[in-house]
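The following paragraphs go through a structure element by element, with attention to helices, their packing and some backbone details. Please keep the sequence and the coordinates open while reading.

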Amino acid sequence: MESVLVLYPSPGMGHLIAMVELGKLNLKHYPSISVTILTITPPFDTGATADYISGVSSTTPSITFLHLPTPPLPQPLSSYTSYPALTSELLALSNPNVRHALQSISRDSAVLAVVIDFFCTPALGVARELNIPAYYFFTSSGTGLALFLYFPTLHRKNTQRFRDANANTVHEVPGLPPVPAADLPEPLLDRSSKDYESFLYYATHISKSAGIIVNTFESLESEAVKAICNGLCVPDGPTPPVFCVGPLISTQDGECGGGGGGGKECLRWLNSQPKRSVVFLCFGSLGVFSEAQLKEIAVGLEKSGQRFLWVVRHPPSKDKSRRFLAPPDPDLDSLLPDGFLDRTKDRGLVVKSWAPQVAVLSHNSVGGFVSHCGWNSALEAVSSGVPMVAWPLYAEQRFNKVMLVEEMKVALPLEESKTGIVTAAELEKRVRELMEMEKGFNLRNRVTAMKEEAKAAMSDGGSSLVALDKLMKSWSQKQI
C-alpha cells in the first residue's frame with residue numbers, strides 16, 4: 001500500500017507556498033512516498049493561488065492537489081472584520097469535507113500523517129477521530145512559535161488588552177527579547193475580539209499535536225528554538241517534538257502568476273544595473289497602501305538618489321463590500337507624483353502588482369529590500385544575503401519586525417508618524433542608511449553570514465536535513 005503524506009494549508013498564498021515547498025522537500029529526500037495537498041478556493045482574495053497551483057501541478061506531478069468544496073459562508077464578506085476572521089470561519093466549516101477527503105485517501109493508501117496549518121486547527125480533531133497522526137506546520141518564525149505556545153500562559157497572567165496605551169513591554173516570553181505590547185501580532189491585541197478568541201484556541205491546541213514543523217533553521221533563531229525544545233513555552237504540559245526544516249524557499253517563483261511579462265522585464269532591467277546597487281520594494285500578496293502613502297514613497301525614493309525596483313499595487317478599495325476582493329491593476333500615472341516616472345526612468349523601475357521576488361532577491365544587482373516582514377519574504381532575503389528595511393503592515397509582521405531588527409539584526413526599522421504614514425524623509429533616510437552607510441554595511445555582513453548558515457542547514461548533515469530525517473522516522477514508526 002502506498003504511503004501518503006497529506007498536507008493541509010490555509011488558503012493564503014504565503015501559507016500555500018511554504019506548504020508546497022515542504023512537500024517538495026519530502027519528495028526530494030524520500031521519493032518513495034507521495035504527497036497530497038488539500039486545498040480550498042476561498043470566496044475572497046488570497047493572491048493568485050489558482051495560477052500557482054496550476055504551475056506546481058505541471059512541474060511537480062508527484063504532488064497531487066485535492067480541491068475541497070468551498071463551504072458557503074453564513075454572512076456576507078462585508079460583515080467580517082479581518083482576514084483571520086474570514087479564514088477561521090471558512091476552515092471551521094470545511095471540517096466535514098476534510099474528514100471525507102482523509103477517509104477517501106485512507107481507503108487506498110497508508111496515510112503517514114496529516115500536516116496542518118495553524119489556521120486549520122479544527123482538523124486536529126478529525127485526524128484524531130480517524131487515528132491519523134497530526135502535525136502542525138508553523139509557516140511563520142521560530143520566535144513566533146515560541147510566542148504562540150506561550151500565549152495561553154500570557155492570557156492567564158494578564159487581564160488588560162495589549163492594545164491599551166498603558167500596556168507594558170512583554171518581557172516574559174521564553175527565548176524572546178522584550179517585545180513592545182503594541183508590536184504583538186494583531187489578533188493578540190484585543191482580548192475581547194473574535195480573532196483573539198480564535199488564536200487562543202489555536203495556540204492552546206498546537207501543543208496537543210504529534211509534532212511541530214517550523215520553517216526556520218536553528219542558528220537563525222537559536223534562543224527561541226532552545227526555549228521551545230526545553231519545554232519553557234508550555235509550562236503546564238508537554239511540548240511536542242519540534243522539527244526546524246527551513247529555510248523553505250519557493251523554487252518556482254514564476255508560478256506565482258499575476259505578472260504576465262513583468263517578471264522578465266524586471267530581470268532584464270536588473271541585468272543592466274551595477275552589483276548591489278538596487279533597492280527592491282515589495283510588500284507581499286496582500287500589502288497595499290493609500291494613494292497618499294504611495295506618493296510619500298515616490299518622493300522618498302526620488303530624493304534618496306538610489307536605484308530602485310518598486311512593485312506598486314492598487315490602493316485598498318473604499319467600498320467596504322470589496323475590501324476582501326482582488327484589486328485591479330494600478331494606474332501609475334494617476335497614483336504617483338506628476339513626472340516621477342519620467343524623472344527616475346534612468347535609475348528606477350516601477351512594476352504593477354507583482355514581481356518574481358525570489359529571482360529578484362537572488363540577483364546580484366539587488367543590495368537591499370524594503371519588506372513588509374512576512375516570514376517567507378524574510379527567509380528569502382536572508383537566503384539571498386540581502387539586508388532589509390522593515391515596514392510591517394498586518395498580521396504578525398510588527399512582531400517579525402522586532403525580531404528582524406533587534407534579535408536577528410538583519411534589518412533597519414522604519415518609523416511611522418503619529419498619523420500612521422511613513423514620511424518621504426523617513427524612507428529616504430533608511431534607504432540611504434541601508435545602501436550607503438556603515439549601518440547598512442554591518443547588516444550586509446551579518447546577513448551574508450546568515451546566508452551561509454542557511455545553506456549549511458539545508459546541506460547533507462545540516463541541522464534542517466537532520467531534523468527532516470527525524471521527522472520521517474517518527475512518521476514511519478507510527479505506521480508500524
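At which residue does α6 bend, and by about how many degrees? The bend is at Phe151 and amounts to about 45 degrees. A proline, Pro152, follows within four residues. The model is a predicted one, and the values below are computed from it.

Helix α6 covers residues 142-157, which makes 16 residues. At 1.5 Å a residue these should span 22 Å, and the end C-alpha atoms are 23 Å apart, so the expected and the computed span agree. As for its surroundings, 13 of the 16 residues of α6 are buried, and the helix is therefore largely enclosed by the rest of the structure.

The residue at the bend can be followed further. Phe151 has a relative accessibility of 0% and so counts as buried, since the cut-off for buried is under 20%. Apart from residues up to four places away in sequence, Phe151 touches Leu188, Tyr196, Phe199, Leu200 and Ala203. Leu188 is 37 residues from Phe151 along the chain, and the two C-alpha atoms are separated by 8.6 Å.

These contacts lead to helix α7, residues 194-206. Helix α7 has 13 residues and reaches 19 Å from its first C-alpha to its last, close to the 18 Å expected at 1.5 Å a residue. Which residues of α7 are buried? They are Asp195, Tyr196, Ser198, Phe199, Leu200, Tyr202, Ala203, His205 and Ile206. In an α-helix there are 3.6 residues a turn, so residues three or four places apart point the same way. The buried residues of α7 are covered by elements that include α6 and α3 (83-93), together with α5 (123-129). Strands β5 (134-138) and β6 (211-214) are also part of what covers them.

Helix packing is the next topic. Two packed helices are described by the angle between their axes and the distance between the axes. Helix α14 (residues 375-384) packs with helix α17 (residues 438-457) at an angle of about 95 degrees, and their axes are 6 Å apart. Angles of 65 to 115 degrees count as roughly perpendicular, so α14 is roughly perpendicular to α17. On the α14 side, the residues that meet α17 are Ala381, Val382, Ser383 and Ser384. On the α17 side, they are Val447, Met450, Lys451 and Ala454. Sorted by class, the contact of α14 with α17 has five nonpolar, two polar and one charged residues.

Trp375 also lies in helix α14. Is Trp375 buried or exposed? Its relative accessibility is 4%, so Trp375 counts as buried. When neighbours within four places in sequence are left aside, Trp375 is in contact with Thr139, Ser140, Ser141, Asn215, Thr216, Leu220, Glu221, Asn400, Leu404 and Met408. One of these, Asn400, is 25 residues from Trp375 in sequence, with a C-alpha to C-alpha distance of 7.4 Å.

Strand β4 (residues 109-117) contains Ser109. Ser109 has a relative accessible area of 11% and is therefore buried. Not counting residues up to four places away in sequence, Ser109 touches Met1, Glu2 and Val4. Leu112 is placed in strand β4 as well. With 3% relative accessibility, Leu112 counts as buried. Leu112 and Phe283 are 171 residues apart in sequence, and their C-alpha atoms are 36 Å apart in space.

Some backbone details remain, and they concern loops. Where is Pro247? Pro247 is in the loop between β7 (242-244) and α9 (262-271). The peptide bond from Gly246 to Pro247 is cis, with omega near 5 degrees.

Asn131 is in the loop between α5 and β5. Its phi is near 60 degrees, which is a positive value in a residue other than glycine. Asn131 has a relative accessible area of 70% and is therefore exposed. Arg276 lies in the loop between α9 and β8 (278-282). Phi of Arg276 is also positive, near 55 degrees, and this residue too is other than glycine. With a relative accessibility of 45%, Arg276 counts as partly exposed.

Conventions: Residues are numbered from 1 along each chain as its sequence is written. This is a predicted model: local features need pLDDT of at least 70, side-chain atom pairs count only at pLDDT 80 or more; totals for chains, interfaces and linings use all residues. Side-chain values use heavy atoms; hydrogens and water are left out. Helices (H or I, at least four residues) and strands (E, at least two) are DSSP runs, numbered from the N terminus. The expected span of a helix is 1.5 Å times one less than its number of residues. The bend at a residue is the angle between axes fitted to the seven residues ending there and the seven starting there. Buried means under 20% relative accessible area, exposed over 50%, partly exposed in between (1.4 Å probe, protein chains only). Axes are lines fitted to C-alpha atoms, for helices over the stretch in contact, and angles run from 0 to 180 degrees between N-to-C directions. Angles under 35 degrees count as roughly parallel, over 145 as roughly antiparallel, 65 to 115 as roughly perpendicular and the rest as oblique. Contact means heavy atoms within 4.5 Å. Ala, Val, Leu, Ile, Met, Phe, Trp, Tyr, Cys and Pro count as nonpolar, Asp, Glu, Lys and Arg as charged, and the others, Gly among them, as polar.
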